[in-house]
Amino acid sequence: MSPNTEQVLKVSGLPPEAVKLSRIWDWCVVAAVALLFMGAIHLHVMLTVGDWDMFVDWKDREFWVLVCPVSMMMIPAALQAVFWHYFRLPIGMTLGAVLLFVATWITRAVGWHLWGYFPFTMGVPATILAGAMACDAVLLIVRSSLLTSTFGGFLFAMLFFPSNWPSLAAYFLPVQHQGMVASVADMIGYVFPRSGTPEYIRLIERGTLRTYEGSTVWISSFFAGIICIFMHMIWWQIGLAFATQKFVPTSKRFRRMVGLEAPAAQS
Amino acid sequence: MSTTTTVATPLAGAAAADIAADRKPGYYINFNLFALAMIVMAVMFAAYRVYQQVYAWNFGLDATTPEFDKYWMTLLRIEIPVLFGAGFLCWGYLWLTRDRNLAALKPKEELKRYFTFTLWLVTYTFAIYFIGSFFAEGDGVWHQTVIRDTPFTPSHNVLFYACIPTYIFFSVGGFMYAITRLPAFSRGISVAHVLAVLGPIFILPNLGFNEWGHAFWLTEEIFSHPLHWGFVVLGWNALALPGVALQMIQRMVPLFHEVFDKREAPAA
Amino acid sequence: MHSIFRALGRVVPLLLLAAMLVQALPAAAHGERAQEPYLRTRTAHWYDVKWSVDKLGVNDTITVTGKFRLFGDWPDAVQIPHTVFVSNATPGPVLARVESYLNGVPARQSFRDLQIGRDYEYKMVLKGRVPGRFHVHPMIAVKGSGPLVGPGKWIEVTGNRADFVFPVSAISGEQIDNLETWGLGAAIKWHLVWLTIAVVWILWWVRRPLLMPRYLALKADREDLLTTNTDLKVGIGLLIVTLVVTFAGYRWAKSTYPRTVPLQAGTMYTPPLPAEPKAVNVRFQEARYDVPGRSMRMALDVTNLSDKPLRLGEFATASIRFVNLNLPAAKANIDPGYPMEVIARTTLSISDDSEIKPGETRTLRIDATDAAWEIERLTSFLTDVDSKFGGLLFFFDPQGKRYIAEVGGPILPVFKGVQVKQAATGNAGT
């Protein structure tokens with residue numbers, strides 16, 4: 001046991017037996033948090049930005065880079081708030097990102113690949129691990145939710161594209177197909193058909209008047225960064241609000257039924 | 001709630017062994033029933049996944065065929081009454097066997113019950129993983145690949161009509177356990193716990209809206225469509241469970257002192 | 001890692017399937033039977049659909065060709081085909097798409113502004129990928145409404161799934177051995193890098209007493225114990241490592257793949273197939289569907305506008321073909337490989353099957369009878385809000401040349417005993 005841990009335990013005042021039990025309780029809570037937020041964050045992401053995340057041929061410069069950080073910021077920011085506010089643990093965003101990452105890869109394998117026969121190349125997910133860790137680090141350094149929102153939130157979005165490009169760049173090589181240019185990602189989406197997902201359903205960049213020589217992805221990232229600042233602020237408060245410890249007093253009748261109060265006097 | 005305990009005098013023989021035993025973690029936390037619940041759930045969900053693998057492509061593509069009725073509608077007719085029925089039985093049992101004298105509950109017993117409550121919550125979250133992640137993306141796999149022709153698709157029959165009653169079993173079960181066996185949770189209803197339980201329960205009525213939308217309004221398959229955002233908002237209620245954990249800490253810490261200390265417990 | 005999953009993907013289903021009996025289905029649909037009759041009979045009418053083979057090996061190709069007419073009396077509930085995608089209905093990517101065309105124009109992208117009342121030619125080349133027996137349909141998808149599925153045929157794919165490859169050459173010079181596995185190694189490697197850093201960061205905190213002690217220490221105003229200087233240094237280190245790895249990874253990606261393109265999104269356009277001069281004018285009179293008898297009876301006035309005598313050879317609607325088996329040209333119009341399950345077993349019954357002379361107008365009473373009406377759920381009038389049907393009529397001249405006309409209108413169900421009585425009393429019947 002490190003000196004710091006000894007000090008923390010001493011200050012906490014917990015008896016030694018309680019320390020052991022509290023550690024067991026820690027692991028139960030870790031298990032519960034992991035399972036719960038694997039489900040909750042993945043569901044949230046699936047139903048807000050799922051198509052962009054599930055398919056390589058949805059990863060465009062205009063929407064994917066914008067909507068994914070904005071959506072994926074939400075619940076992790078709330079977790080970060082609770083972990084920091086009550087426990088001074090700067091791990092909420094990273095934990096959320098790791099849980100999302102694990103849950104996503106499991107379903108890519110068990111769902112899309114094993115059940116749907118889709119290749120893994122169709123569903124390489126983006127990760128928010130880099131931005132999440134940066135945001136947690138900023139929180140630890142500045143110790144202020146406002147500054148974390150401003151710098152950490154912005155960084156979270158700005159790191160999304162460059163941290164994912166190494167794993168996705170290979171899918172944007174140009175290919176000639178039927179006399180036309182396609183990206184490898186377009187080809188993958190085309191070659192492995194999804195009857196319920198026609199090409200036009202993709203909410204992707206369909207042409208702009210100004211493309212600034214292809215740097216639009218950074219414009220989208222920047223815009224995402226601005227939104228993420230506010231998204232972090234809002235979700236920090238939402239996280240704290242949800243973690244309410246309020247009780248609403250029960251009725252006397254109920255309390256009598258569970259023996260918290262003496263039975264009503266016979267009239 | 002703080003109490004002052006007197007200094008314990010040494011006891012001989014069996015009493016001494018009891019004192020030693022009730023200072024061990026094993027006295028307060030028993031994983032047996034929890035392990036059973038987890039194994040049953042794991043096996044059940046694995047079996048569902050295998051069932052989808054074997055019967056979905058062969059018999060699940062066309063809801064008008066007799067084979068679809070045999071393999072998928074029969075499943076529905078069994079799982080809904082069985083899973084919901086099990087829930088009602090469990091919650092009824094928890095209510096009927098409630099502690100009728102919570103005012104007299106001993107600290108050691110109360111502490112044990114907090115660990116049992118914790119395990120109820122862990123089983124709940126295990127079930128939430130399957131609806132929120134595992135089978136949910138399977139729903140995407142199915143509907144973005146084939147043509148939807150019934151609300152009772154092979155993916156829906158597992159995702160909605162197996163996972164939902166399962167997590168409701170544990171969420172309401174945990175709630176019933178808390179309000180019938182833990183004084184803090186009986187004296188007052190935990191707002192966070194209500195949110196964490198009711199939010200996901202309302203996914204069931206939101207299904208009605210979802211199916212209505214798919215039948216009349218949205219004939220194409222975008223997973224992140226606003227039609228689905230009811231589920232998103234209801235899923236946010238998962239954030240209320242940390243509130244429950246904090247409420248537990250606030251009672252368990254004084255309990256630790258009552259059980260293990262020989263001095264007055266500090267307020268939490 | 002992908003090879004581990006690939007192995008699992010082969011072994012696990014095989015083990016499970018070995019214990020099960022897989023039943024062969026009769027003509028199986030893919031969800032289109034649940035689509036409303038007005039949708040299936042008044043949108044895309046597929047004809048001349050051909051599948052080049054019945055059986056192919058993994059990596060072998062099959063070509064599906066055909067034409068479709070976008071029906072003139074387009075239903076209100078279906079979006080006008082301003083944006084259409086040429087697709088196929090198969091149970092997932094068991095066949096891989098190689099190329100596709102609409103009127104000879106490459107069809108990887110969606111098409112805009114298809115015209116109602118006109119014909120288009122469809123072609124798709126598919127490649128065997130997953131062994132098994134699959135129902136393969138041509139299909140188009142209309143934006144805002146979804147899939148319009150053509151007739152399906154059972155196709156068998158033989159061989160070994162592991163043998164499937166789809167190589168592609170990049171314009172920038174890279175050789176992609178297989179689209180199924182390209183780029184996965186790098187993706188997984190980078191993901192593991194990030195995951196490792198993240199797990200180390202989490203473990204840095206989780207290895208210590210986590211919740212109650214920290215909660216209490218914070219309450220005791222000792223947060224200096226909870227985030228020490230060492231923690232701060234580690235946090236700063238984490239931020240630096242994150243930024244450095246991001247930057248380095250991005251530079252690596254830019255140097256390894258310097259030439260990339262964004263997702264391609266333009267729409268294609270093709271004019272419809274040239275319209276043939278109108279040879280036949282069809283004036284719909286009435287149609288009734290005999291529910292117990294599974295028979296549609298129509299009365300039409302047909303005017304021959306051409307200079308050749310014509311005979312009615314076929315009535316086709318949705319997936320079902322009712323052929324006049326007494327007309328050799330109509331029988332010859334059935335491709336030998338066409339799925340027989342969707343061709344009515346009884347002949348199309350025509351009140352007067354003799355030649356309709358040029359300029360002649362004749363009232364035809366047509367009887368199309370087959371259980372397929374019910375199996376295809378095309379006559380679910382009791383559950384439909386728009387009880388109108390549509391179809392194509394194929395006429396043939398003595399040289400065997402084919403002329404296509406549309407037919408459609410309201411259809412009334414007949415429940416024997418009820419409708420007849422009402423007809424006798426002069427009520428319209430509701």
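Let's start inside chain C. The C-alpha centres of its domain 1 and domain 3 lie 25 Å apart. Keep in mind that this is a predicted model.

Where do those domains sit in the sequence? Chain C is split into domain 1 at 29-170, domain 2 at 184-256 and domain 3 at 280-424. Domain 1 and domain 3 of chain C touch, with 21 residues from domain 1 and 23 residues from domain 3 in the contact. Look at the domain 1 side of that contact. Helix H2 (37-41) and strand E1 (44-51) of chain C each put in at least two residues. What is that side made of? It has 8 nonpolar, 4 polar and 9 charged residues.

Now the sheets. Take the open one with 5 strands in chain C. Its order is E18-E19-E15-E14-E22, and the pairing is mixed. Why do two of these strands have a side without a neighbour? Strand E18 (349-350) and strand E22 (412-414) of chain C are at the edges with a single partner strand each, so one side of each has no neighbour in the sheet.

Further in, look at strand E14 (residues 280-290) and strand E15 (residues 295-304) of chain C. They pair antiparallel, over 10 bridges. Find Arg283(C) there. Opposite Arg283(C), in E15(C), stands Asp301(C).

Next, strand E11 of chain C, residues 153-158. Which side chains are buried here? Lys153(C), Ile155(C) and Val157(C) point to one face, and they are buried. Trp154(C), Glu156(C) and Thr158(C) point to the other face, and they are not buried. Note that a lysine, Lys153(C), is in the buried set.

What does E11(C) pair with? Strand E2 (residues 55-57) of chain C runs parallel to E11(C), joined by 3 bridges. Within that pairing, Leu56(C) has Val157(C) as its bridge partner. Strand E9 (residues 132-142) of chain C runs antiparallel to E11(C), with 5 bridges. There, Val136(C) is partnered with Lys153(C). So two residues of the buried face, Lys153(C) and Val157(C), turn up again as bridge partners. In general, strands of a sheet pair through backbone hydrogen bonds, parallel or antiparallel.

Last stop, the contact between chains. How many residues of chain A meet chain C? There are 86 from chain A, in contact with 91 residues of chain C. On the chain A side, helix H5 (residues 129-142) gives the most, with 8 residues. By class, that side of chain A has 56 nonpolar, 20 polar and 10 charged residues.

Terms used. Residues are numbered from 1 along each chain as its sequence is written. Chains are lettered from A and ligands numbered from 1 in the order in which they are written. This is a predicted model: local features need pLDDT of at least 70, side-chain atom pairs count only at pLDDT 80 or more; totals for chains, interfaces and linings use all residues. Two residues are in contact if their C-beta atoms, placed from the backbone, lie within 7 Å. Helices (H or I, at least four residues) and strands (E, at least two) are DSSP runs, numbered from the N terminus. Ala, Val, Leu, Ile, Met, Phe, Trp, Tyr, Cys and Pro count as nonpolar, Asp, Glu, Lys and Arg as charged, and the others, Gly among them, as polar. Domain bounds come from an automatic or database domain assignment. Two strands pair if DSSP finds at least two bridges between them. A residue is buried if 20 or more other C-beta atoms lie within 10 Å of its own, exposed if 12 or fewer, and partly exposed in between; C-beta atoms are placed from the backbone.
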